[in-house]
Every structure is written in structure tokens, then in C-alpha cells.
Amino acid sequence: MQTRLTRLLGIAHPIVLPGMTYVAVPSLVAAVSEAGGLGILASGGMSADECRAAIRQVRAFTSKPFGVGCSLMLPGAAACAEVAVQEQVPVLNVSMGKANQLVQRVHAYGGHVVATVSSEKHAHSAIDSGVDGLIVTGHEAAAHGGAVTSLVLIPAVRDMTDLPIIAAGGFADGRGLVAALALGADAVAMGTRLAASKESPLHEVTKQMVVDKAAEDTIYSSNFDTFPCRVMRTPGGEKYTARHLSPPRVVARSLRAASEMNTPMGQLARDALREGPLQAVKIAYFGAATLAMRKAMHQGDHVEGVQLIGQSQGLVHDVPAVTEIIARTLAQAGEVWRAMGPTS
């Protein structure tokens, strides 16, 4: 199935693994790209050296196109973006910040830049910066989806631009792929579906919870990391979204995260001060969320952990290999397409 996006990036199928922090690791990224989709490596929480090593690991696993995701407001993101440019990654996926200079530098070596947006305002800004495509993230998505549903946001952005669009938020199978194409998109990002794959680094307990949970078993709140965020409804999810994340609670949770993750307190303080007051606040908020995310994802702890998840968990019923997920999605899309065709 060829679209504007597949032709632009040189991939076989219009299916994307978004750069989900601690989930889109090199092995899963490479599995999606090797199967004909586009895997996007998550750089969140990485140092520059770790990001470079991860990029090279993806390349050791596959020769197919892949991307690197950088949320520019997060600690360390600028350094990882610099590494991605130095390594001349085929696709740089940017979000939460302006990327005008990055766009020029990526274009200079023949790469492409895709911006993740969650509103029409963000889409306007990204288009003006000269990006090559957009990931349009609707309200249904895991983590930081916007206030408008995919059903409305995707065609609204399509009316603004002819750039390739990757639809994110609520897409997990072939029916969603066809629906996204009808709305004006050129591909789908299936984060929740691919997070529940054999190659995913999620803990087996967490994968089974994705399978067992219904679509409505999520919480959308800004109390987890100060941005509106969708998480799985679990004891941990309910606890960490029950109250506003005040500065004292941020500091306490950030220090706890540093302690449990064996990050020296002095190093944490130096990093924060070196980056300036605003970045220090960002580091504190990111640190406060990081530990809870890792506990859910890597330890299967859903009392102290928080799992970012989309409403499409209600469409996930098993944990197959990436190749099977993509094959099923394409087969179902073909069936739906044929069923909608004219009858004699």
C-alpha cells in the first residue's frame, strides 16, 4: 500500500511506531522498520552518548529507514537532536518546540523532518518551519494527545496542508488505517498496538494488562507530568493523577527517582543548575515522571508505576510479533477497502 508518506520516506507500508519513551528501543524500532514500516527511536531520558549508541544499534539491526524522536522541551533533547543530525538519521521527529534550524540541517544531508502536533495551532507553526510531514495526535492517544479527537483533528489539519500526515490516536488495526486514509492521512502511528508486541520491552504483566483493559480504562489528566497526559487506569495511575503536581511534590518525587535510579544527587543538582532555572524545572518534572513510568513498563509494578497508554488498548487482544501485527493490519485494511467498493 503506497501513499505520499511511503513514497517520501522509501518505506513499504504506511505504519509507524512512534517514539514512545522507554518503549521505542532499538530492537523494536528495527523490527518495525525491517517489517516495512517506520520505527522511530525514543531519545527521551538519553544522554548524547546513549543516543548515539542507540542509533548505531538500530543500524546494526536493519538497513531500512528509521527515525529518531526528540521532544525539544525535555532535558537532553537538544543534545540528542544534535547527535541525530551528526549521524544523519533518515528521519528526525521533533515535538514540543521550534525546529527551524534543525530542518535546514537535516535537509542538507537529504534527510526528512516530521513534526508531532496535537492542535491546529501547532500544525501551523510546524508547517511554517518547513517540515516534510506531520504526526497529528488526537485526543485518544497515549501520553500527550490534544483536546480534539482524531476524527476531527486529522481532516482539519489536512485542510491546511498537502504535506504527508501520520494519524496518531486510536489506531490499532486495518479498520483504523482505512479510516485514517479516508480522513486525509497517509499513514497511522500504532503506538499502543506495537507496545503490546513480542519485541516490545514492556514487562509481560504490563502487556497482558493492555490486552485485558477496555478502551475506557484510561485517565486523561495534567496531574502526572503537568501536561495533559493519558495513562492506564491502575492503582498507580489513579494515585499519580489524583492531585496537582505542586513544586514540593515535584522535588520530592524527582529526588526519589534519582535515588532509586542510582543518579547521584550532586550530579542531578549540577545538571539542573548548569541548564538554568527554566530547564532545572523541566528536569525536575521529567525526573518526577520517569521513575513511575519505568516501574510500570519494566517491572510490571502498577501500584507505584504509571503506564502511558491510548484508548486503542481496547482493540488489543493478543501479543503477536511485529511482522504479524503489520501483516494483519494490511490484510484487514484490504478486506475493508474491498467491502466498501461498488457491488454489481
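**Getting to know a predicted chain**

Trainee: How much area does the chain expose, and what share of it do carbon and sulfur atoms supply?
Mentor: Keep in mind that this is a predicted model. The chain exposes about 14,400 Å². The share of that area supplied by carbon and sulfur atoms is 56%.

Trainee: And what percentage of the residues count as buried?
Mentor: For the overall picture, the chain has 15 helices and 10 strands. Out of its 344 residues, the share that count as buried is 55%.

Trainee: Let's zoom in on Met 190. Is Met 190 buried or exposed?
Mentor: You'll find Met 190 in the loop between β8 (187-189) and α9 (191-195). Its contacts, leaving aside neighbours within four places in sequence, include Ile 15, Phe 171 and Ile 325. Its relative accessibility is 0%, and buried means under 20%, so Met 190 counts as buried.

Trainee: How far apart in space are Met 190 and Ser 312?
Mentor: In sequence, these two are 122 residues apart. Going from C-alpha to C-alpha, Met 190 and Ser 312 are separated in space by 8.7 Å.

Trainee: What about Leu 151: is that one buried or exposed?
Mentor: Leu 151 lies in helix α7 (residues 150-158). Together with Val 148 and Val 152, Leu 151 forms a nonpolar patch on the surface. Its relative accessibility is 59%, and the cut-off is over 50%, so Leu 151 counts as exposed.

Trainee: One on rings, then. Which residue lies over the face of Tyr 22?
Mentor: Aromatic pairs won't help here, as the structure holds zero of them. Over the face of Tyr 22, at 5.3 Å from the ring centre, lies Arg 294.

How values were computed. Residues numbered from 1 in each chain as written. Predicted model: local features only at pLDDT ≥ 70, side-chain atom pairs only at ≥ 80, totals over all residues. Heavy atoms only, no water. Phe/Tyr/Trp six-rings, centres within 6.5 Å; stacked < 30°, edge-to-face > 60°. Lys NZ or Arg CZ within 6 Å of the ring centre and 35° of its normal. Patch = residues over 30% accessible without salt bridge, like charges linked within 9 Å, V, L, I, M, F, W, Y side chains within 5 Å. Areas by Shrake-Rupley, 256 points an atom, 1.4 Å probe, with all protein chains shown as cover. Salt bridge = Lys/Arg side-chain N within 4 Å of Asp/Glu carboxyl O. Helix = DSSP H or I, 4+ residues; strand = E, 2+ residues; numbered from the N terminus. Buried < 20%, exposed > 50% of the residue type's maximum accessible area, 1.4 Å probe, protein only. Contact = heavy atoms within 4.5 Å.
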